[in-house]
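Work through the exercises below with the structure open beside the text. Try each task before reading its solution.

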Amino acid sequence: MTLPEDFVTLMHSHLGAEQAEALFEGLRQVPTVAVRLNSHKASHLTPSPKLCDPVPWCPDAYYLDGHKAFTFDPLFHAGAYYVQDASSMYLAEVLRKYVSTYLSPITALDLCAAPGGKSTLLAAHLPEGSTLISNEPIRRRAQVLAENMQKWGHPNCIVTQNYPEHFSHLTHAFDLILTDVPCSGEGMFRKDPVAISEWSLDNVQQCVTRQRDILRAILPTLRPGGLLIYSTCTFNRHEDEEQVEWLHSEYGLQLLEERHFLPGRDRGEGLYIAALRKQSTDDSTPSNPIKSLKALNVIADVNQYNQQFDITDIRIELTYSQAIAYLRHEALHINAPRGLAAVTYRDLPLGLAKSVGNRLNNLYPQEWRIRTTYNPTEPLPEIFV
């Protein structure tokens, strides 16, 4: 791996020579792989004894010994677990420290949520009954977010496709806002060579400007006393610590905690995360985002997705090979009562099908289907026994 010369110089300046060299060595190492179990949806399944290397800052999360063929595991498609970088799971620790004390449901916004890792974690760790709006402005990415949130299956989650300024009418609407902002992507260097080729000092400065524009647009929607979680997948201070200092000096936000994750020092990819509290001197009445959703572009409601499996009494449990065929959007020759059927694998819904007696017409969304036809060469994940 050849790192940009300006990046090497910048890291020496921001981290010091010893820590910078440790980072460069870490970027040459194989990335870690981790999963987070969906205890809400898969509580009837027994985790594999091979899940013996827990991620210390996130419940129900484990490191794996290498990459697996997740695409060919029906339980992955059913939302029984999520594959996520372990560093990003530190969000669970932030929520434990600053949100778990809330005794009543809250309203949260994940502003830049695709592909859904942090949103699925938020859904699992917010106080019971809370509402989560997961947003992504770019259509292609928003569709991936909607798929992942619907499969994860937590109630009271709504997926929207809007730019930050579209939320401006929701004054003081949110108790918590997560801004995992677009950044220069330094933390992706060992996973994505394109991130290296696109990095430049000019791009860093463009990201700084864009990040501040996003924060300016969304901060009025955070209620007084509310929590802002700011994160990037970068190492440089311009996009990280200096942005938090700007939030304090410009808007009076109080820094509660900040942490950098660095390959070579931490078991995960590059991440910066900070928790900040908005001053509670403003007595303005908060708005209700749920009643104001008509002004937003809503593309998926997880409650509606879950309810579709309750409209039929027909349940068809599939074998592994049948489940893979179903996920490839193939018709299945199975004898079953005629009508709309919920298709399951290990008692977890995969989707719907129309039974015509001796065949199931596949109603799995075309855009979700497994597109590859070859069989996996990597081992299947052993997440549950």
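The exercises cover cores, sheets, unusual backbone geometry and a helix pair.

This is a predicted model, in which local features need pLDDT of at least 70 and side-chain atom pairs count only at pLDDT 80 or more, while totals for chains, interfaces and linings use all residues. Residues are numbered from 1 along each chain as its sequence is written, and side-chain values use heavy atoms, with hydrogens and water left out.

**Exercise 1. Find the largest nonpolar core and the elements that build it.**

Step 1. A nonpolar core is a set of buried Ala, Val, Leu, Ile, Met, Phe, Trp, Tyr and Cys residues joined through side-chain atoms within 4.5 Å. Buried means under 20% relative accessible area, exposed over 50%, and partly exposed in between, with a 1.4 Å probe and protein chains only.

Step 2. The largest such core holds 42 residues, and Val55, Trp57, Leu176 and Ile229 have the most contacts inside it.

Step 3. Helices (H or I, at least four residues) and strands (E, at least two) are DSSP runs numbered from the N terminus. Among the elements giving two or more residues to this core are α4 (91-98), α6 (139-152), β7 (174-180) and β8 (222-232). The most comes from α4, with five residues.

Step 4. A second core lies apart from this one; it has 40 residues, including Val35 and Trp368.

**Exercise 2. Which residues does valine 55 contact, leaving aside its neighbours within four places in sequence?**

Contact means heavy atoms within 4.5 Å. With those neighbours set aside, valine 55 touches Ala34, Ala61, Tyr62, Tyr63, Ala86 and Met89.

**Exercise 3. Describe the two open sheets.**

Step 1. Two strands pair if DSSP finds at least two bridges between them. In one sheet three strands run in the order β2-β1-β3 with antiparallel pairing. Its edge strands are β2 and β3 (81-83), and the twist averages 25° from one strand to the next.

Step 2. Strand β1 (residues 33-37) pairs with β3 over three bridges, and valine 35 stands opposite valine 83.

Step 3. The other sheet has four strands in the order β12-β13-β14-β15, with mixed pairing. Here β12 (314-317) and β15 (360-362) are the edges, and the average twist is 45° from one strand to the next.

Step 4. Antiparallel pairing joins β14 and β15 over three bridges; alanine 353 stands opposite asparagine 362 in β15.

**Exercise 4. Where does the backbone at proline 115, histidine 329 and arginine 346 lie?**

Step 1. Most residues other than glycine have a negative phi, and most peptide bonds are trans.

Step 2. The bond from alanine 114 to proline 115 is cis, with omega near 5°. Proline 115 sits in the loop between β4 (107-110) and α5.

Step 3. Histidine 329 has a positive phi of about 65° and belongs to the loop between α11 (320-327) and β13 (339-345). Because its relative accessibility is 22%, histidine 329 counts as partly exposed.

Step 4. For arginine 346, phi is near 55°, and the residue is in the loop between β13 and β14 (348-355). Its relative accessibility is 27%, so arginine 346 counts as partly exposed.

**Exercise 5. How do helices α8 and α9 cross?**

Step 1. Axes are lines fitted to C-alpha atoms, for helices over the stretch in contact, and angles run from 0 to 180 degrees between N-to-C directions. The axes of α8 (residues 201-218) and α9 (residues 241-251) come within 11 Å and cross at roughly 40°.

Step 2. Angles under 35 degrees count as roughly parallel, over 145 as roughly antiparallel, 65 to 115 as roughly perpendicular and the rest as oblique. Therefore α8 is oblique to α9.
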